[in-house]
2 protein chains.
Amino acid sequence: MRAFWAEGYDAASIDRLCRATGMPRASLYQDFGGKEGLFLAAIAHYVDTRIGPLADALGPRGTLEADLSAFFVEVVALATGDSQTPGCLISCVLAEVAGANDTFRLELDRRFTALEDRIAQRFEHALASGAVTDKRALAGMLAAVARGIMLRARSGARAQDLDKIARVAVRASLRDLT
Amino acid sequence: MRAFWAEGYDAASIDRLCRATGMPRASLYQDFGGKEGLFLAAIAHYVDTRIGPLADALGPRGTLEADLSAFFVEVVALATGDSQTPGCLISCVLAEVAGANDTFRLELDRRFTALEDRIAQRFEHALASGAVTDKRALAGMLAAVARGIMLRARSGARAQDLDKIARVAVRASLRDLT
DNA sequence: ATAAATACAGAACGTTTGTTCTGTATATTG
DNA sequence: CAATATACAGAACAAACGTTCTGTATTTAT
């Protein structure tokens, strides 16, 4: 997972992946069927271990504002926490290979949709069902900000600057609700 | 440019690039020095022909709201206009290879910063200099939304849904200004 | 027209790629 | 303990990679 994350899909060679996982080539092909299968397994592991906590921060635990802020704290931490793996495996790596590979494009769509659903669900909990705002569009907007933050981290942006962006997004989206 | 955009950096082979450009291999190496140089030239051409019009839409031409809306119309059009090249060459392709290549990471940072500067400049024009809002953070937030839209288009999202996200972002950011 | 320089098509280079195969060691099971 | 299956390390594979080279057209400039 970390090899794909740091270097990208094509640049991470089977040799390197074997060394990184401590896995013999034969077992890798036995267990995952090939590079594509290994990559999809890495994505699944990434979602379990990295995106999971991030979605959990949405709660509901506290106020809507507190939960959204906590979510973005996790986003920035994931994007900048390890200097060897800046950005997001899904937004920065899967998104590239999704251009020419239908399997990967569908996987990307599934993972993107899942996060938006999770954010929209938090809004459903917080707001009267008759609220004027389109909750799915609002969730999509916040997910877009999160992904933009991931991309910006890939270019080496400081966590402090990304935090500012996140705070603006949370405040603006809350004002949009009224 | 379109070959890199559609297939990604590594997947676009020199053979394919020669066929796509109608350029002999020797001339390609003569004029661009190699694959990296050709890719950087493709990025520059992309900025000139695709990002330029998008930045021009920011004006100032009309009201702040009208100019921001026009900007996002261009963003969505660029992201979804050609089904063979979904998303953004910079946000979807350059961002991946930036993980393992310092030249590309610096290039990514330069291009990202340039767009944020352009958006911030539009805010400087519209707002009293003493306004409470951090214009750079607000510009960074809108740039993040634009890049999130580019990513979402890479997964096959419909232009109609991306437009909704853009409208929410414009409205929320304007409310944040007061 | 003649000389110098550039442009070109394609073969050739050595690597590296993803994948499969071979033989041996290690577990597992009855 | 014996028989069978699994796991392993590394060789071997054809294919594709980025890059360089060779010889021949084509253009440019005097």
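Q: Quick one on the surface near DNA strand D: how do its residues divide into nonpolar, polar and charged?
A: This is a predicted model, and in it that surface has 4 nonpolar, 3 polar and 2 charged residues.

Q: Which residues are around DNA strand D, then?
A: From chain A you get Pro24(A) and Ser27(A). Chain B brings Ala12(B), Ser13(B), Ile14(B), Arg25(B), Tyr29(B), Gly34(B) and Lys35(B). Of the strand D atoms that come within 4 Å of the protein, sugar and phosphate account for 72%.

Q: What does the side chain of Arg25(B) come up against on strand D?
A: A base oxygen, which sits 2.6 Å from an N or O atom of the Arg25(B) side chain.

Q: And which residues have side chains with an N or O atom by a phosphate oxygen?
A: Tyr29(B) is one of them, with 2.7 Å between its side-chain N or O atom and a phosphate oxygen of strand D. Lys35(B) is another, and there the distance is 2.5 Å.

Q: OK, switching to the protein-protein side. How many residues are in contact between chain A and chain B?
A: 47 residues of chain A touch 45 residues of chain B. The area buried between the two chains is about 3,600 Å², and carbon and sulfur atoms give 59% of that.

Q: Which three residues supply more of chain A's buried area than any other three?
A: Glu96(A), Leu151(A) and Arg152(A), which together supply 19% of what chain A buries against chain B.

Q: Where does Arg152(A) find a salt bridge partner?
A: On chain B: its side chain meets that of Glu116(B), with 2.7 Å from N to O. The interface of chains A and B has 4 salt bridges by the rule. There are also 12 residue pairs in polar contact across it, both residues being at pLDDT 80 or more.

Q: Which helices of chain A each supply at least two residues to the side touching chain B?
A: Helix 1 (2-7), helix 6 (89-97), helix 7 (102-126), helix 8 (135-154) and helix 9 (159-177). Helix 8 of chain A gives the largest share, 12 residues. By type, that side of chain A has 22 nonpolar, 11 polar and 14 charged residues.

Q: Last thing: what rotation superposes chain A on chain B?
A: One of 180 degrees, with 0.0 Å of shift along its axis and an RMSD of 0.0 Å. That is how a two-fold axis relates two copies. Both copies use the same surface, as 96% of chain A's contact residues recur in chain B.

Note on methods. Residues numbered from 1 in each chain as written. Chains lettered and ligands numbered in written order. Predicted model: local features only at pLDDT ≥ 70, side-chain atom pairs only at ≥ 80, totals over all residues. Heavy atoms only, no water. Near = heavy atom within 4 Å. Polar contact = N/O pair within 3.5 Å; in protein donor to acceptor, adjacent residues only side chain to side chain. Nonpolar A, V, L, I, M, F, W, Y, C, P; charged D, E, K, R; others polar. Contact = heavy atoms within 4.5 Å. Buried area = accessible area lost by both parts, 1.4 Å probe. Helix = DSSP H or I, 4+ residues; strand = E, 2+ residues; numbered from the N terminus. Least-squares fit on C-alpha atoms with pLDDT ≥ 70 in both.
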